[in-house]
Amino acid sequence: LGAPTQARFETLRSWTESADSGVKYFSGTASYVKTIQIPREWLTKGSRIHLDLGEVKELAELIVNGQNLGVLWKAPFRLDITSALRPGPNRLEIKVTNLWPNRLIGDRQSGAHRIAFAAYDPFTATTSLLPSGLLGPVTLERR
């Protein structure tokens, strides 16, 4: 509803910084997908690999090689992902869900087609947007 089916980010940044209003005012869940290389020696007995997402607005669901590792809903956005990893390429998917206000604010913009409705909507076209998305930095930590 108003969002593009796909958007490419070369760097991690808030969705609200996008020139595309469908991204800027998006409210919902978006997936970040990346293939990461894991050296065989990282997966030796006793080693643990943690994924640290840095800053997330607002929650993140982690899927590694098709294995759902759960939802992170508060800082620190960090999880041991060792059990889902294998040597070589690994598919990492991070589903990030933001809050509702940005969509309601977007609907107040001049010329906007209203998408969302809420019983309580205190927002105006000039209300500040809330940072949204995976802001990072994202790091892998081997222990």
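Here are some worked exercises on this predicted model.

## Exercise 1: The overall layout

Task: Work out how many helices and strands the protein has, and in what order they run.

Solution:
- Start with the count: there are 2 helices and 9 strands.
- Next, walk along from the N terminus, and the elements read α-β-β-β-β-β-β-β-α-β-β.
- For the extents, the C-alpha trace spans about 60 × 25 × 20 Å along its principal axes.
- Then look at the contacts between residues at least 6 apart in sequence: 68% of them join residues at least 24 apart.
- Finish with burial and surface. Of the 143 residues, 36% are buried. The accessible surface is about 8500 Å², and carbon and sulfur atoms account for 53% of it.

## Exercise 2: A buried acid

Task: Find out which side chain of opposite charge is nearest to Asp 52, and how many Å away it is.

Solution:
- Locate the residue first: Asp 52 sits in strand β2, which covers residues 49-52.
- Now check the charge partner. The nearest oppositely charged side chain is Arg 78, at 4.1 Å.
- Compare that with the cut-off: a salt bridge needs a side-chain nitrogen of Lys or Arg within 4 Å of a carboxyl oxygen. Asp 52 is buried, yet has no salt bridge.
- See what else the side chain does: it reaches the backbone nitrogen of Gly 54 at 2.8 Å.
- Round off with the neighbours. Leaving out residues up to four places away in sequence, Asp 52 touches Phe 77, Arg 78, Pro 137, Val 138, Thr 139 and Glu 141.
- Two of those names come back later: Arg 78 and Glu 141 are joined with Arg 143 in a salt-bridge network, while Pro 137 follows a cis peptide bond.

## Exercise 3: Pairing up charges

Task: For the pairs Glu 55 with Lys 57, Glu 93 with Arg 91, and Arg 114 with Asp 121, decide which partners are buried and which are partly exposed.

Solution:
- A quick reminder before we start: side chains of opposite charge can pair when their charged atoms come close.
- The structure holds 9 salt bridges, and these three pairs are among them.
- Take Glu 55 and Lys 57, whose closest N and O atoms are 3.7 Å apart. Glu 55 has 39% relative accessibility, so it counts as partly exposed. Lys 57 is partly exposed too, because its relative accessible area is 23%.
- Move on to Glu 93 and Arg 91, which meet at 3.3 Å, N to O. Glu 93 is buried, because its relative accessibility is 13%. Arg 91 comes in at 41%, so it is partly exposed.
- Now Arg 114 and Asp 121, with an N to O distance of 3.6 Å. Arg 114 is partly exposed at 32%, whereas Asp 121 is buried at 17%.
- One more thing to spot: shared partners link the salt bridges of Arg 78, Glu 141 and Arg 143 into one network.

## Exercise 4: Two buried residues and a surface patch

Task: Say whether Leu 92, Arg 103 and Leu 59 are buried or partly exposed, and say why.

Solution:
- Leu 92 belongs to strand β7, residues 88-97. Its relative accessibility is 7%, so it counts as buried.
- Beyond its neighbours within four places in sequence, Leu 92 contacts Tyr 32, Val 33, Lys 34, Leu 51, Ile 63 and Val 64.
- Arg 103 is in helix α2, residues 101-107. Despite its charge, Arg 103 is buried, because its relative accessibility is 9%.
- Contacts of Arg 103 outside the four-place window are Leu 1, Tyr 25, Ser 27, Ile 115 and Ala 116.
- Leu 59 is in strand β4, residues 59-64. With a relative accessible area of 31%, it is partly exposed.
- Leu 59 joins Val 71 and Trp 73 in a nonpolar surface patch, and together they offer about 310 Å² of accessible area.

## Exercise 5: Backbone oddities

Task: Find where the cis peptide bonds ahead of Pro 76 and Pro 137 lie, and what phi Asn 65 has.

Solution:
- Ala 75 to Pro 76 is cis, with omega near -5 degrees. Pro 76 is in the loop between β5 (67-72) and β6 (78-80).
- Gly 136 to Pro 137 is cis as well, with omega about 0 degrees. Pro 137 sits in the loop between β8 (133-136) and β9 (139-142).
- Asn 65 is not a glycine, yet its phi is positive, about 50 degrees. Asn 65 lies in the loop between β4 and β5.

Conventions: Residues are numbered from 1 along each chain as its sequence is written. This is a predicted model: local features need pLDDT of at least 70, side-chain atom pairs count only at pLDDT 80 or more; totals for chains, interfaces and linings use all residues. Side-chain values use heavy atoms; hydrogens and water are left out. Helices (H or I, at least four residues) and strands (E, at least two) are DSSP runs, numbered from the N terminus. Buried means under 20% relative accessible area, exposed over 50%, partly exposed in between (1.4 Å probe, protein chains only). A polar contact is a pair of N or O atoms within 3.5 Å; within protein, one must be able to donate a hydrogen and the other to accept it, and residues adjacent in sequence count only if both atoms are side-chain atoms. Contact means heavy atoms within 4.5 Å. Patches are made of residues with over 30% relative accessible area and no salt bridge: like charges are joined within 9 Å, nonpolar side chains (Val, Leu, Ile, Met, Phe, Trp, Tyr) within 5 Å. Accessible areas come from the Shrake-Rupley method with a 1.4 Å probe; for residues, only the protein chains shown count as cover.
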